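I am opening my notebook on this structure and writing down what I looked up, entry by entry.

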2 protein chains.
Amino acid sequence: MKTSGRRTTEGIKGIKQKKEKLKSFLKEKGLKSTRQRDLVVSEFLEMGEHVTAEELYKEISKKYSDIGFTTVYRTLKLLNKSGLAAERVFADNLTRYEPLSAEDHHDHLICMKCGSITEFQDLRIERLQERVADEFGFVAVSHKMELYGYCKKCKDNA
Amino acid sequence: MKTSGRRTTEGIKGIKQKKEKLKSFLKEKGLKSTRQRDLVVSEFLEMGEHVTAEELYKEISKKYSDIGFTTVYRTLKLLNKSGLAAERVFADNLTRYEPLSAEDHHDHLICMKCGSITEFQDLRIERLQERVADEFGFVAVSHKMELYGYCKKCKDNA
DNA sequence: AGGAAATTGAAATTCATTTTCAATTAGACA
DNA sequence: TGTCTAATTGAAAATGAATTTCAATTTCCT
Ligand SMILES: [Mn+2]
Ligand SMILES: [Mn+2]
Ligand SMILES: [Zn+2]
Ligand SMILES: [Zn+2]
């Protein structure tokens, strides 16, 4: 049984590590470290899961009124390009971001009532996907898999 | 090996059958049959695959200059609600429609170079998805699974 | 410190989707 | 077949998230 739940909150260690990675990425690309980027990245890593640029912006605005939405938006794009965040679009068609490391891969269960998102990983499914691709002479480089329905809580107290 | 390709073109039989189903749906809901709806539905069923409202509209415009985009758009929504079409949003974030019947279910392989879309069905994967959901006490009612990569043609002449 | 290049944030733009509204049409019923 | 009401149509406007623009500011290399 390879399926498993994932992640509670980003550990401090992971955060520092990721910030280091970002710094390398910036330097490598001739980009600059700024107070704004730092703040946005910190908040993002602490918040953790599946946030929209708008949500993150609102959260940040509470503490730092001088950081604009555009900067939050651009920083998330940057994190994505540097491989530190994944961009996700679920059924509501909003672009969400989540911290991600290179080795990490997972898919999602999405509750249609409360909106909660559960992550899972299933190697058997992944293998079968590869197999399907092979049958069609298709080379898969990524995939998207989402299950929509009702989470434990929501199906119980219906 | 349960995986398989699908569908060439909608048979005339299937088209007539679907048009009948739509008529029932309309009557049942107190809606009206119109020349426009008829034309849009015919063109849609003949075109077949994964079209956007815009694409279908342009195609229809060639023959019938008096049919507006809005009507095409609304007819596709209607087909969706009546269960005769599926709405799909792939990575390009455009809403596409494809003819679909109740029993039918399939997922997609999408070529990142030429954009071709291949359909597949894999019961083993579907069973495992159900299993994953169960493990989390989640009741899945639908899912989305797309594999992105390079199709046979595109990976060959790279 | 000087200066080129990157960044910022407000505002404007884009673009698919959805809604509005006045004119037209379908179809139920007499 | 004519009447009437509700549904439909299509052009235009509105929406709203995502993206771009641009002038002012900041970073950081020399
Ligand atoms: Mn996730
Ligand atoms: Mn399909
Ligand atoms: Zn729930
Ligand atoms: Zn291809």
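The entries below go from the whole chains to the DNA strands and then to single residues.

**Entry 1: the chains**

I note at the start that this is a predicted model. I first looked up how chain A is divided, and I found domain 1 at residues 3–99 and domain 2 at residues 107–156. Between the C-alpha centres of these two domains of chain A I read a distance of 24 Å.

Next I asked by what turn chain A can be laid on chain B. The answer is a turn of 180 degrees with a shift of 0.0 Å along the axis, and the RMSD of this fit is 0.1 Å. I wrote beside it that this is the relation of a two-fold axis. In chain A, the C-alpha nearest the axis belongs to Met145(A), and it lies 2.2 Å from the axis.

I then turned to the surface through which the copies meet, and I noted that 100% of the interface residues of chain A are also interface residues in chain B, so the two copies meet through the same surface.

**Entry 2: around DNA strand C**

I looked up which residues come nearest to DNA strand C, and of the 21 residues around this strand they are Thr34(A), Arg37(A), Asp66(A), Thr71(A) and Arg74(A). Sorted by kind, the residues of the surface near DNA strand C are five nonpolar, nine polar and seven charged.

Which helices each supply at least two residues of this surface? I found helix H2 (35–47) and helix H4 (69–81) of chain A, together with helix H4 (69–81) of chain B. H4(B) gives the most to the surface near DNA strand C, with five residues.

I also wanted to know which parts of the strand the protein approaches. Of the atoms of DNA strand C within 4 Å of the protein, 71% belong to sugar or phosphate, and the rest belong to bases. Three side chains gave me an instance of each kind of partner:

- For the phosphate, I noted a polar side-chain atom of Thr34(A) at 2.3 Å from a phosphate oxygen of DNA strand C.
- For Gln36(A), the partner of a polar side-chain atom is a sugar or linking oxygen of DNA strand C, at 3.2 Å.
- For the bases, an N or O atom in the side chain of Arg74(A) is 2.4 Å from a base nitrogen of DNA strand C.

**Entry 3: around DNA strand D**

I repeated the search for DNA strand D, which is surrounded by 21 residues, and the closest are Thr34(B), Arg37(B), Asp66(B), Thr71(B) and Arg74(B). The surface near DNA strand D is made of five nonpolar, nine polar and seven charged residues.

Here H4 of chain A, together with helix H2 (35–47) and H4 of chain B, each supply at least two residues. The largest share of the surface near DNA strand D comes from H4(A), which gives five residues.

Of the atoms of DNA strand D within 4 Å of the protein, I read that 69% belong to sugar or phosphate, with the rest in bases. A polar side-chain atom of Arg37(B) lies 2.4 Å from a phosphate oxygen of this strand. On the base side, an N or O atom in the side chain of Lys32(A) is 2.6 Å from a base oxygen of DNA strand D. I met Arg74(A) again here, with an N or O atom of its side chain 3.4 Å from a base oxygen of DNA strand D.

**Entry 4: Asp122(A)**

I found Asp122(A) in the loop between strand E5 (117–120) and helix H5 (123–135) of chain A. Is Asp122(A) buried or exposed? I wrote down buried, because its relative accessibility is 0%, and buried means under 20%.

I then followed its side chain, which reaches the backbone nitrogen of Arg124(A) at 3.0 Å. A polar atom of the side chain of Asp122(A) also lies 3.0 Å from the backbone nitrogen of Ile125(A).

**Entry 5: Asn93 in both chains**

My last search was for the backbone of Asn93(A), which has a positive phi of about 65 degrees although it is not a glycine. Asn93(A) sits in the loop between strand E2 (85–89) and strand E3 (95–99) of chain A, and it counts as partly exposed because its relative accessibility is 38%.

For Asn93(B) I also noted a positive phi of about 65 degrees, although this residue is not a glycine. Asn93(B) lies in the loop between strand E2 (85–89) and strand E3 (95–99) of chain B, and at 37% relative accessibility it counts as partly exposed.

Terms used
Residues numbered from 1 in each chain as written. Chains lettered and ligands numbered in written order. Predicted model: local features only at pLDDT ≥ 70, side-chain atom pairs only at ≥ 80, totals over all residues. Heavy atoms only, no water. Domains from an automatic or database assignment. Least-squares fit on C-alpha atoms with pLDDT ≥ 70 in both. Contact = heavy atoms within 4.5 Å. Near = heavy atom within 4 Å. Polar contact = N/O pair within 3.5 Å; in protein donor to acceptor, adjacent residues only side chain to side chain. Helix = DSSP H or I, 4+ residues; strand = E, 2+ residues; numbered from the N terminus. Nonpolar A, V, L, I, M, F, W, Y, C, P; charged D, E, K, R; others polar. Buried < 20%, exposed > 50% of the residue type's maximum accessible area, 1.4 Å probe, protein only.
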